[in-house]
There are 2 protein chains.
Amino acid sequence: MRRLRIAMAQINTTVGDFDGNVKKILGAVDTARSAGADIVTLPELAVCGYPPEDLLFKPQFIQANLDSLQKIAESAKGITVITGFVDADGDIYNAAAVLHFGRIAGLYRKIYLPNYGVFDENRYFRAGSDCPIFVIGGVAIGITICEDIWYEAGPATVQANAGAEVIINISASPYHAGKGAARERMIATRASDTVAIFAYNNAVGGQDELVFDGHSVIMDEKGILIARGKQFEEDLIIADLDVESVFRARLHDPRQRKETLLAEQQHWRQTRTVISETPFSSAGHPAIKQQADVLDLPTEVYRALVLGTHDYILKNDFNKVVIGLSGGIDSAIVATIAVDALGSENVIGVSMPSRFSSEGSKTDAQRLAENLKIKLLTIPIEKVYMAYLNTLSESFTGAQPDITEENIQARIRGNLLMALSNKFGWLVLTTGNKSEMATGYTTLYGDMVGGFAVIKDVPKTLVYKIARRRNQMAGYELIQESIFTKPPSAELRPDQKDIDSLPPYEVLDPILTAYVEDDKSVEQIIALGFDKATAQRTAKLVDRSEYKRRQAPPGVKITTRAFGRDRRLPIVNRFKEW
Amino acid sequence: MRRLRIAMAQINTTVGDFDGNVKKILGAVDTARSAGADIVTLPELAVCGYPPEDLLFKPQFIQANLDSLQKIAESAKGITVITGFVDADGDIYNAAAVLHFGRIAGLYRKIYLPNYGVFDENRYFRAGSDCPIFVIGGVAIGITICEDIWYEAGPATVQANAGAEVIINISASPYHAGKGAARERMIATRASDTVAIFAYNNAVGGQDELVFDGHSVIMDEKGILIARGKQFEEDLIIADLDVESVFRARLHDPRQRKETLLAEQQHWRQTRTVISETPFSSAGHPAIKQQADVLDLPTEVYRALVLGTHDYILKNDFNKVVIGLSGGIDSAIVATIAVDALGSENVIGVSMPSRFSSEGSKTDAQRLAENLKIKLLTIPIEKVYMAYLNTLSESFTGAQPDITEENIQARIRGNLLMALSNKFGWLVLTTGNKSEMATGYTTLYGDMVGGFAVIKDVPKTLVYKIARRRNQMAGYELIQESIFTKPPSAELRPDQKDIDSLPPYEVLDPILTAYVEDDKSVEQIIALGFDKATAQRTAKLVDRSEYKRRQAPPGVKITTRAFGRDRRLPIVNRFKEW
């Protein structure tokens, strides 16, 4: 029986860390070889990390990547290694190398370059035009890279038509809520459409605003799941692929493999390269099939935030973080995420009460710190605030108190957090959520201060959901109930409540999703049943806050459209729907 | 004698301001008609403004643009109007419409979509594939858009080969120092290569970080300048094109127009549409030829900064700005630019002396404000600084004074400027230069606070040059000599000088240009003759400051590579050359 043992290395690389990445890749190769795998695959651009962005304009970066590939090739003995790297030949390509017997035995260059959302691949790469098949261990294999399989008539179809029984896809696919499930559906469809086994190897880890969620999968030729890697963790997924059943299924398949190529496909050159005719070692081993469970949605989002935060901190060579604890839900969930990412001993909370802070807020901050077992500093801002008012009194002569005085307080807190950061080397985590970032209900250089904005892409209503879910995981009130039940407030003036300035979050969040993520017009939002004035006011707030978002720290993308590279709007913009 | 009178409207549109843009376009059409022009041209995407970025994902934005085009078409009577707009037909295109007798008589869709530097056009547009010729007033005309003529075998070549005597190019070409001169050379070469008259209509005005510099030109078929529009100002350039001389030149041209098309060109469909056979009105008028002078380089940069600042402020509906005046050259030039952009009455200076401020700095700020005739507020920061030290003393127990205390002072100033901004509606102008932004010699949330960072792309050495040039223009010491001669200092600790932390700017700036703008490796920079340790230290400073730049306000791009959309580097990045 023809069978191929594949090992998919779902690894967490770091952009530009060639030594570290090579070490990690070689480790995976060794483990896979020991497990009797014929092939080991690695993610897209695993050698240099993804996305390298404008580092790709540095010839010395490209060269370091080629040198690293050479090192990996030398270790490819007794196993075939398929890894992502930057190929250079006149221009540069997002490519996969087939490494065999110590040399580069084959090459595939990504054909579909994504240039939407967070992606800028047309900025860097030339698209490939070759559609090769590699015979490895006697099995005809097509290699594709990420975006390539998101098109129904992409290179995988051409490869399968030309005889490929297994389609390998190496990816670095950024997470958003629910993407893993959508990916599984898509891959299952591709597999059954082409009557081929699909082995999808995703990256895992955080890189600036992106989280790669792992969740690699193998689908058989009927679109049935054979193996699934863990979400948000490194994993080595090993499975035996029953290639004979592909051959049998194709004989029985009523859909004849079409010889007619679509116009686009006609430009792709088809080749066939024999790498090895017989499997290395899988014959004697027992069949292997690994299957991780799939997380529910709030857990998935929570894990993405933990991984994104963990990797941003550590990959930037920080180890401790400091967080302003207001006693509200946003800072509570950020502190909890930080503790899960870094451990209690690496998280410092700071309570910075003002004359407007309620007793409840102060004790809630205190109790949360106890629950999370983190150190809490208490630094009242009153003296500094008085000094500001005093210093500005002459300039402000005749002016009434307004939002200025509220912002001064928020900015004092920002300055204090940064002072602690500068003095002790702690990175400041920002606690603003997506509803605030969208509407500008936040103080630039105040509560927006920080190196990483953990929940900047999490709408307030989802913040509550993931906090509830985290408490369920704990099995007790890790975040105490009083934090959930108190009305959200910035506490920057007497009796202030969010609801004085914003619509209730249950109304606001769906409007924001429609406007920001789905590009719905205000008219269409009203037609969905929302109050006209509320819809208009929300759109106005979003449009007018672009300048603030441009100066915000990065944070984990968890929705289909995050603020940041994902959404590029001009600040100067007179297009108004309000 | 066959002749065509062309009017090129070098207008300043605003993104999304459909009513304003249409009004401006109709005004230009009227003026051109009165001047007896056969054709009036307008810049790339003049209808919606350039670049509209992700507004292009809003169907309602596309529709408003189509409605606006219809209004312009109705006014196209007695003259042919060629304007940029977003064409929609299944997908969207960066297009030019030929408007004639009240209707859309022709269409050209941009073939070369730039997707490098500040450009993301592949993110939005589908590329055109048609290469039409329009007969207007009896003259065969090819239309191209911006990037199209930057390729030597682009659509203009095909159009000229097929008989086009005049090539119109409508552009929105972002400025960098010296680009106008490079553009003139390129257009002259294209014109003489194709033996065609080139009429190049650029946009003018500021849009976020970009400045469009105008400087439209017409070159005859020998590559000789016929007309030139003003730099950095709106202009209507009218010229009579002697089309017969193109015909004559082609008869005499030893280079036969090649019939062989390059592979890429073969995909472009060639068409010929007759719009009008006889000129409207130019017959009886005297020949017209307009030629503006070209500015020297420091003046050019200065004007770009003034225009960029003016437009950012006013297009965002601000009218007054506030600037922290330290007594140094950076804040001096920013205040001068602001005064030139907005008038003295709209600029407020703030002196915020600390215990470390020298007498010279304080009197220099004072005298500069007098020279510029701007209001000066003086707000000492000592009391607030003392309150911070006092408030933090417990948390800082046992720690030595370090950069923390310096940053606290810078952030107090930031908070004070923002308080004035919030209270009085003044936009804060940031005063950091490119050398500081590159090396991170700047305090996040401190001196980086502001809505617009006027000189963020101007290296320190160039700051001095443009300040000197501005004084020459004034004919007296508008910026007094003492500001030029004092050693640069942040004055955040006793006797601090920039040179204690950074290499001298004469050494630093060329290293920065090589590293940041030219992607030179550290090794190559050392090979250029720079000290090894200095080159390595500089590269390290640049790499490690990426996180600060990500939170910086926008500012005018004046170099070939500005920090911002132009340079997209990851924050998490372990690629080190130091």
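Select B:Thr144 and B:Asn169 in this predicted model: B:Asn169, in strand 8 of chain B, is the bridge partner of B:Thr144. Extend the selection to the two strands concerned. Strand 7 of chain B (residues 139-145) and strand 8 of chain B run parallel and are paired over 5 bridges.

Next, isolate strand 8 of chain B, residues 166-170. This strand is mostly covered, with 5 of its 5 residues buried. In a regular strand, side chains point alternately to the two faces of the sheet. To follow the faces here, colour B:Val166, B:Ile168 and B:Ile170 as one side, and B:Ile167 and B:Asn169 as the other. Both faces are covered, and every one of these residues is buried. B:Asn169, the bridge partner of B:Thr144, is thus met again, here on the side it shares with B:Ile167.

Now move to chain A and display helix 6 (residues 297-315) together with helix 7 (residues 329-342). Two packed helices are described by the angle and the distance between their axes. In this pair of chain A, the axes come within 8 Å and cross at roughly 65°. The crossing of helix 6 and helix 7 of chain A is right-handed. To see the contact, show the side chains of A:Leu305, A:Val306, A:Thr309, A:His310 and A:Ile313 from helix 6 of chain A. Opposite them, from helix 7 of chain A, add A:Ile337, A:Ala338, A:Asp340, A:Ala341 and A:Leu342. Coloured by class, the residues of this contact comprise 7 nonpolar, 2 polar and 1 charged.

Display both chains for the next stop, the interface. Here 67 residues of chain B are in contact with 67 residues of chain A. On the side of chain B that touches chain A, the elements giving two or more residues are helix 2 (59-75), helix 7 (297-315), helix 10 (382-392), helix 11 (403-424) and helix 19 (546-550) of chain B. Which helix of chain B gives the most to this side? Select helix 11 of chain B, which contributes 13 residues. By class, the side of chain B that touches chain A divides into 30 nonpolar, 20 polar and 17 charged residues.

Finally, consider the relation between the copies. Chain B is superposed on chain A by a rotation of 180° with 0.0 Å of shift along the axis, at an RMSD of 0.0 Å. The two copies are therefore related as by a two-fold rotation axis. The same surface serves both, since 100% of the contact residues of chain B recur in chain A. To locate the axis, centre the view on B:Gln551: of the residues of chain B, this one comes closest to the rotation axis, with its C-alpha at 2.1 Å.

Notes: Residues numbered from 1 in each chain as written. Chains lettered and ligands numbered in written order. Predicted model: local features only at pLDDT ≥ 70, side-chain atom pairs only at ≥ 80, totals over all residues. Least-squares fit on C-alpha atoms with pLDDT ≥ 70 in both. Contact = placed C-beta atoms within 7 Å. Axes fitted to C-alpha atoms, helices over the stretch in contact; angles between N-to-C directions. Helix = DSSP H or I, 4+ residues; strand = E, 2+ residues; numbered from the N terminus. Left-handed = near helix turned anticlockwise from the far one by under 90°. Nonpolar A, V, L, I, M, F, W, Y, C, P; charged D, E, K, R; others polar. Buried ≥ 20, exposed ≤ 12 C-beta atoms within 10 Å, placed from the backbone. Pairing = 2+ DSSP bridges.
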